[in-house]
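User: I'd like to go through some labels on this model and see what stands behind each one. Could you take me through them?

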Amino acid sequence: MTTRPASTTMRAAAFSAHGPADVLRPVDLPVPEPGPGEVRVRIRAAGVMPFDIGLREGVIRPPGAVFPVVPGNEFAGTVDVLGSGVTGFGPGDPVLGFSLLGSYAQYVVVPEENLVAKPDEMEWAVAGGFSGNAQGAHMALSAMRVGPGDTVLINAAAGGLGTLAVQLARAWGATTVIGTASEPHHGHLRSLGAIPVTYGEGLEERVRAIAPEGVDAALDGAGAQALRTSAAVAKHPDRVITMVATEEARRLGLPELTGTRTASRLAEMTGLYAKGTLRVHIRARYALERAADAQREVERGHGRGKVVLTGLAAP
């Protein structure tokens with residue numbers, strides 16, 4: 001039986017002008033209705049991503065986005081209403097998925113192909129903040145062709161994407177994974193199977209002390225300086241990927257990350273989580289009304305793990 005909301009409106013966090021975190025405020029908006037091939041999901045948790053901050057600041061402007069804009073591109077919840085033609089899910093199914101916008105809300109409508117089943121082993125907070133970083137790590141390591149025997153450098157290894165990239169590299173057979181992070185996060189990286197090194201001045205020497213002949217592949221999530229070091233220690237420039245410093249990558253002649261988020265990619269990653277191969281640390285949980293504070297937490301950087309919005313819709 002399809003569950004319908006008691007109200008025609010829902011709570012969301014949205015902005016009506018680009019600017020600092022203060023422009024992101026709680027609002028009441030109409031509950032969206034699914035069209036053919038779409039699913040409405042009652043959201044239990046949603047991740048907070050750097051992409052959402054770029055959107056709020058106006059650095060990222062997706063086609064068709066109109067004010068008020070509801071950020072949020074990853075979520076988890078239960079299937080609420082099915083559009084015509086949907087056959088893979090039923091009302092009440094626990095799912096996680098992805099969208100370009102709209103996840104800082106109690107309900108979101110997405111195409112059926114943007115959803116996968118939530119593993120029983122995955123708590124809601126983890127599921128809500130899983131899709132973006134999991135798929136980002138998968139795309140990056142695929143582009144870097146990480147495989148058995150590789151030595152891999154991962155910058156910003158303690159962050160949401162970095163921790164998954166460390167674990168995925170090990171799962172795909174990398175022999176040595178070097179992760180840059182501040183000293184307080186070194187123990188956590190060791191627990192994930194990485195050799196931690198402190199970022200900043202002298203990084204190249206510290207990496208070469210571990211890998212004198214250089215690294216086979218390198219992932220940058222820290223910025224231009226870390227990317228330059230990655231390029232300097234990498235044996236193959238075509239196996240160096242950045243998630244953040246695209247202009248510097250062009251200047252250095254490095255490849256740009258391409259690829260798209262897909263349900264099959266996400267299902268592969270949730271499968272690894274269900275097997276215990278991947279772990280996710282939740283750094284902070286915020287109520288929907290505090291979405292601006294959640295974004296400030298992400299903007300501060302250097303934190304370990306994931307920031308999520310929880311308690312968006314009651315079970």
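Analyst: Happy to! Keep in mind that this is a predicted model. A good place to start is Q135, which touches F98, R261, T262, R265 and L266, leaving out residues up to four places away in sequence.

User: Why is Q135 called buried?

Analyst: Buried means under 20% relative accessible area. Q135 has a relative accessible area of 0%, so the label buried applies. As for its place, Q135 is in helix α3 (residues 131-143).

User: Thanks! What makes α4 largely enclosed by the rest of the structure?

Analyst: The count tells you: 10 of the 12 residues of α4 are buried, so the helix is largely enclosed. Among them are G160, L161, V166 and A169. The buried residues of α4 pack against α3, β8, β9 (176-180), α5 (186-191), β11 and α9 (263-274).

User: How do you know that the span of α4 is close to the expected one?

Analyst: Helix α4 (residues 160-171) reaches 17 Å from its first C-alpha to its last, and 16 Å is expected at 1.5 Å a residue, so the two are close. After α4 comes G173, with a positive phi near 105°.

User: And which residues of α7 are buried, and why are they said to be on the same side?

Analyst: In helix α7 (residues 224-233), the buried residues are A226, L227, T229, S230 and V233. They cover an arc of only 160° around the axis, so they are on the same side of α7. Their packing partners are β8 (151-154), α6 (203-210), β11 (217-220), β12 (240-242) and α8 (246-252).

Definitions and conventions
Residues are numbered from 1 along each chain as its sequence is written. This is a predicted model: local features need pLDDT of at least 70, side-chain atom pairs count only at pLDDT 80 or more; totals for chains, interfaces and linings use all residues. Side-chain values use heavy atoms; hydrogens and water are left out. Buried means under 20% relative accessible area, exposed over 50%, partly exposed in between (1.4 Å probe, protein chains only). Helices (H or I, at least four residues) and strands (E, at least two) are DSSP runs, numbered from the N terminus. The arc is that of the directions from the helix axis to the C-beta atoms. Contact means heavy atoms within 4.5 Å.
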